[in-house]
Amino acid sequence: MEHTYSVGSNPVVYDRQQLHVLFAGESQTLPLHQAGPKIYDYYLLHFIESGSGTFRTEERKYELGPGDCFLIHPGQLVSYLSDGAQPWRYRWAAFTGTDADGLVLQTGFTPQKPVLSTAEGSAVPGALAGMMRAFYGGNESAHLISLGYLYLIVGEAAGLLTSSSRLPGAESQVKRTVKQMIHYMAAQYAHPVSIEQMCASLGYNRAYLSRIFKQETGLSPVTYLLKLRIEKSRQLLRERPELSVEQVAASVGLTDALYFSRQFKRFCAQSPTSYRITTARHGEK
């Protein structure tokens, strides 16, 4: 079996950026090829495409094969050894930066849990290959492309690692779902979205979501979304006097200005125009 090794370096030099991919590469190792024991001063992620081997940290040893990833943390003494009969072929990428620790923390990778088994169809090997291609191109835009691929990788890792570490339980699942609903509404209130669209997006039945949302917040999703829109409109009426009532209504996702005015009066006991005049007079912020 022939040993192959290729690596591409980021054409943008690392200078304390928040997040920076240093290089990406691939290798078909020879039987019993060993790296380390050594310490790195950056994060180094490997994805095993074929073959097998052993990854060893200061705490334990892992027998790994196709589809497995291992993440080396900075300052961690590690070694990794390819199998004598079926030496591994792997891809890797190194990254660093002031935000790198926080990003890795979100994924669920820790020095005590540095290994991940991906599912079939994983985006990780394609993302690592994409980084290397971008770096071989030599354009400075490769820096941004590599960050896009890095977020794709850590997003997949977070989905797999954090879901497997959550404690089961109906109550915690309910709270998580309600939190997702609140985040969805906070992000989408400016668009004419409906509760039906939100339910479809989250993959749940509307009756179920309405019931658990009211149980947790005391409001129905429809009322919560409307209150959120009215609250945002109050801010616009105060801070953007050049906007018409119709423009304010459209900016909070309500395309019918008459309906908006009716609902505003219902919640605030005065019309949008009166509210604007009153707050301007009293200098309310």
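Pro37 sits in strand 3 of this predicted model, and at 59% relative accessible area the residue is exposed. Not counting residues up to four places away in sequence, Pro37 touches Leu77, Val78 and Ser79. Thr217, by contrast, is a long way off: 180 residues along the chain from Pro37, and 53 Å away in space, C-alpha to C-alpha.

Strand 3, covering residues 34–38, also has a part in the largest pocket, where strand 1 (4–9), strand 2, strand 4 and strand 9 each supply at least two lining residues as well. That pocket holds about 220 Å³ of space. Its lining runs to 16 residues, and the ones closest to the centre are Tyr5, His46, Tyr80, Tyr90 and Trp92.

Now to Glu26, which belongs to strand 2. Is this residue buried or exposed? Glu26 counts as buried because its relative accessibility is 16%, and the cut-off for buried is under 20%. The side chain of Glu26 is joined to that of Arg91 by a polar contact of 3.1 Å. Leaving aside neighbours within four places in sequence, Glu26 is in contact with Thr4, Tyr5, Ser6, Arg89, Tyr90, Arg91, Trp92 and Met132. Three names there, Tyr5, Tyr90 and Trp92, also turn up among the residues closest to the pocket centre.

Met132, another contact of Glu26, brings us to helix 2. The helix takes in residues 124–137, 14 in total, and reaches 20 Å from its first C-alpha to its last, close to the 20 Å expected. Why is helix 2 described as largely enclosed by the rest of the structure? Because 10 of its 14 residues are buried. Those buried residues are Val124, Pro125, Ala127, Leu128, Ala129, Gly130, Met131, Met132, Ala134 and Phe135. Just after the helix, Gly138 takes a positive phi of about 80°.

Met131 deserves a look of its own. Setting aside neighbours within four places in sequence, Met131 is in contact with Val21, Ala24, Ala93, Ser146, Tyr149, Leu150 and Ile153. Met131 is also one of the residues with the most contacts inside the largest nonpolar core, alongside Phe95, Phe109 and Leu150; the core has 29 residues. At least two core residues come from each of these: strand 2 (20–28), strand 4 (43–50), strand 7 (68–72), strand 9 (89–96), helix 1 (100–107), helix 2 and helix 3 (142–165). Another core lies apart from this one, with 28 residues that include Val245, Val248, Val252 and Phe260. As a general point, nonpolar side chains in soluble globular proteins tend to be buried together.

What about enclosed empty space? The count comes to 1 cavity of 30 Å³ or more, and the largest cavity has a volume of about 50 Å³. Its lining is made up of Leu45, Leu71, Phe95, Val104, Thr107, Phe109, Ile153, Val154 and Ala157. Helix 1 and helix 3 each supply at least two of the lining residues, with helix 3 giving the largest share, 3 residues. Phe95 and Phe109 line this cavity, and both are also among the residues with the most contacts in the largest core. Ile153 is part of the lining too, and Met131 is in contact with Ile153.

Here are the two spaces side by side.

| Space | Volume | Some lining residues |
|---|---|---|
| Largest pocket | about 220 Å³ | including Tyr5, His46 and Trp92 |
| Largest cavity | about 50 Å³ | including Leu45, Phe95 and Ile153 |

Terms used. Residues are numbered from 1 along each chain as its sequence is written. This is a predicted model: local features need pLDDT of at least 70, side-chain atom pairs count only at pLDDT 80 or more; totals for chains, interfaces and linings use all residues. Side-chain values use heavy atoms; hydrogens and water are left out. Helices (H or I, at least four residues) and strands (E, at least two) are DSSP runs, numbered from the N terminus. The expected span of a helix is 1.5 Å times one less than its number of residues. Buried means under 20% relative accessible area, exposed over 50%, partly exposed in between (1.4 Å probe, protein chains only). A nonpolar core is a set of buried Ala, Val, Leu, Ile, Met, Phe, Trp, Tyr and Cys residues joined through side-chain atoms within 4.5 Å. Contact means heavy atoms within 4.5 Å. A polar contact is a pair of N or O atoms within 3.5 Å; within protein, one must be able to donate a hydrogen and the other to accept it, and residues adjacent in sequence count only if both atoms are side-chain atoms. On a 1 Å grid over the protein atoms alone, a cavity is a set of points where a 1.4 Å probe fits but cannot get out, and a pocket is an open set with protein on both sides within 12 Å along at least five of seven lines; lining residues have an atom within 4 Å of a point. Grid points are joined across faces, edges and corners, and a volume is the space filled by probe spheres set on the points.
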